[in-house]
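Let's take a walk through this fold together. Keep the sequence and the 3D view open as you read.

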Amino acid sequence: MNILVVNDDGIETAGIKALAKALSTVADVYVCAPASQQSGKSQSISIKTEVFVEKVDFPFAKEALSTTGTPADCTKIGLQFFADEGHPIDMVYSGINHGSNLGRDTLYSGTVGAAMEGAVSGHHSVAVSVDSHQASHFDVACQLALDVIDFVLKETSTDTVLNINVPDLPREEIRGLKYTVLGGRYYIDSFKPRDGGGYMLDGEPGDLSELSEDYDVKAVTEGYASITPLHFDYTQYDMMEKVAGCGLTIEGK
C-alpha cells in the first residue's frame, strides 16, 4: 500500500515526521509538503502562481517532495508525481498538525483542505491534528492514524474525510475517544492594529460551556480524542424543496 503524507505546517515540522514514521510500519510512505508554513490556506490551489518542486530526503519515506505550493497543491502534486513514477497512491494522510482543527475552523484549515483535496481526487483521506501549536505528544494521534486504516478502506467512501483531533497530553491523561460532530465557532477573532501600520488576525477560543458532549470542540477541550467524518458536499438538502418553491423564474426564449 502507498500512502501520501501531506501537511500545512511545513515539511520540517515534528508532526509530519511522527506521522510518516508511524505509517511506514504498515505502508510505503511518500511525502509532499510545503517548504514553509501554510496554515489557514483551506483548499486553495495555485492558479496563476508558479509552483516549485524539489526532491528532498525525509526519514521513513520512500520519496519526498518539498514545494512552494499550498497544502492542496501538495496533495495534487504528490498524487500526480508519484503516480507518474509508478507509485499510485492508495490513501492520503494530512498532518499531524500542530494545533487542533475543530468546529468551523475546519473551513479554514490547510490540514483539512489538503485531506479534502485527496477526497475530491477520489482517494481515501484522513486529517490528523494535536491540540497545541507547540505540540509534543504525537503517540496517540499516530496510534489512531494506524487504527483507522482498515475501517477507512473498507467502510467509508472516498468522498469522506476522517478528521482526528487529539489533546496534547501524555497517553495516560487522555480520557478516551469520542465520535463527534463539528462544534460551533471555536474562536472569537478580529483584525487588530500592529505597530507597522497594518492589521493582524488574532483571537481566542469562544465559550464552549453550552455545547453538547457530541461536539468535537467540547470533547477535545475536556481531554478526549475525537473523530469526525467530514464531506465536501456543502448542499443543504433539507432546504432544496423550500428554495425550489420560492417563486423565482427566468423567462426563457
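Before looking at how the helices meet, one bit of vocabulary: an angle under 35 degrees counts as roughly parallel, over 145 as roughly antiparallel, 65 to 115 as roughly perpendicular, and whatever is left is called oblique. Bear in mind, too, that this is a predicted model.

Now put that to work on helix 1 (residues 14-23) and helix 4 (residues 139-147), whose axes come within 9 Å and cross at roughly 40°. Helix 1 and helix 4 are therefore oblique to each other, and their crossing is right-handed. Which residues do the touching? Ala18, Leu19, Ala22 and Leu23 from helix 1 meet Cys142, Ala145 and Leu146 from helix 4. Sort the residues of this contact by character and you get seven nonpolar, no polar and no charged.

Stay with helix 1 for a moment. It is mostly covered, with seven of its ten residues buried. Those buried residues are Gly15, Ile16, Ala18, Leu19, Ala20, Ala22 and Leu23. Besides helix 4, they pack against strand 1, strand 2, strand 5 and helix 5 (149-155).

That brings us to the sheet. It is an open sheet of nine strands in the order 3-4-2-1-5-6-7-11-8, and the pairing is mixed. At the edges sit strand 3 (53-56) and strand 8 (176-179), each of which pairs on one side only. From one strand to the next, the twist averages 20°. As a general reminder, strands of a sheet pair through backbone hydrogen bonds, either parallel or antiparallel.

Find strand 1 in that order. Strand 1 is mostly covered, since five of its five residues are buried. Asn2, Leu4 and Val6 point one way, while Ile3 and Val5 point the other, and all are buried. This is the pattern to expect, as side chains in a regular strand alternate between the two faces of the sheet. Strand 1 pairs with strand 2 in the parallel sense over four bridges; for a landmark, look for leucine 4, whose bridge partner in strand 2 is tyrosine 30.

Further along the order comes strand 6 (residues 124-130). How many of its residues are buried? Seven of the seven, so strand 6 is largely enclosed by the rest of the structure. His124, Val126, Val128 and Val130 point one way and Ser125, Ala127 and Ser129 the other way, and all are buried. Strand 6 has a parallel partner in strand 5 (residues 91-98), joined to it by six bridges, with histidine 98 bridging to valine 130 of strand 6. Another six bridges join strand 6 to strand 7 (residues 160-166), and these two also run parallel. There, serine 125 stands opposite valine 161 in strand 7.

Next, see what lies on this sheet. Helix 3 packs on it, touching strand 1, strand 5, strand 6, strand 7 and strand 11 (224-231), and its direction makes about 170° with that of strand 6. Ten of the eleven residues of helix 3 are buried, so helix 3 is largely enclosed by the rest of the structure. Among the buried ones are Val112, Ala115, Met116 and Ala119. The buried residues of helix 3 pack against helix 2 as well as those five strands.

So what about helix 2? It lies across strand 1 (2-6), strand 2 (28-34), strand 3, strand 4 and strand 5, running at about 140° to strand 2. The axes of helix 2 (residues 71-84) and helix 3 (residues 110-120) come within 7 Å and cross at roughly 30°. Helix 2 and helix 3 are therefore roughly parallel to each other, and the crossing is right-handed. On the helix 2 side, Pro71, Ala72, Thr75 and Lys76 meet Gly110, Gly113, Ala114, Glu117 and Gly118 of helix 3. The residues of this contact divide into three nonpolar, four polar and two charged.

One last stop is the loop between strand 4 (63-67) and helix 2, where you'll find threonine 70. Is threonine 70 buried or exposed? With a relative accessible area of 9%, threonine 70 is buried. Setting aside neighbours within four places in sequence, threonine 70 is in contact with Gln38, Ser44, Ile45 and Ser46.

Definitions and conventions
Residues numbered from 1 in each chain as written. Predicted model: local features only at pLDDT ≥ 70, side-chain atom pairs only at ≥ 80, totals over all residues. Heavy atoms only, no water. Axes fitted to C-alpha atoms, helices over the stretch in contact; angles between N-to-C directions. Left-handed = near helix turned anticlockwise from the far one by under 90°. Contact = heavy atoms within 4.5 Å. Nonpolar A, V, L, I, M, F, W, Y, C, P; charged D, E, K, R; others polar. Buried < 20%, exposed > 50% of the residue type's maximum accessible area, 1.4 Å probe, protein only. Pairing = 2+ DSSP bridges.
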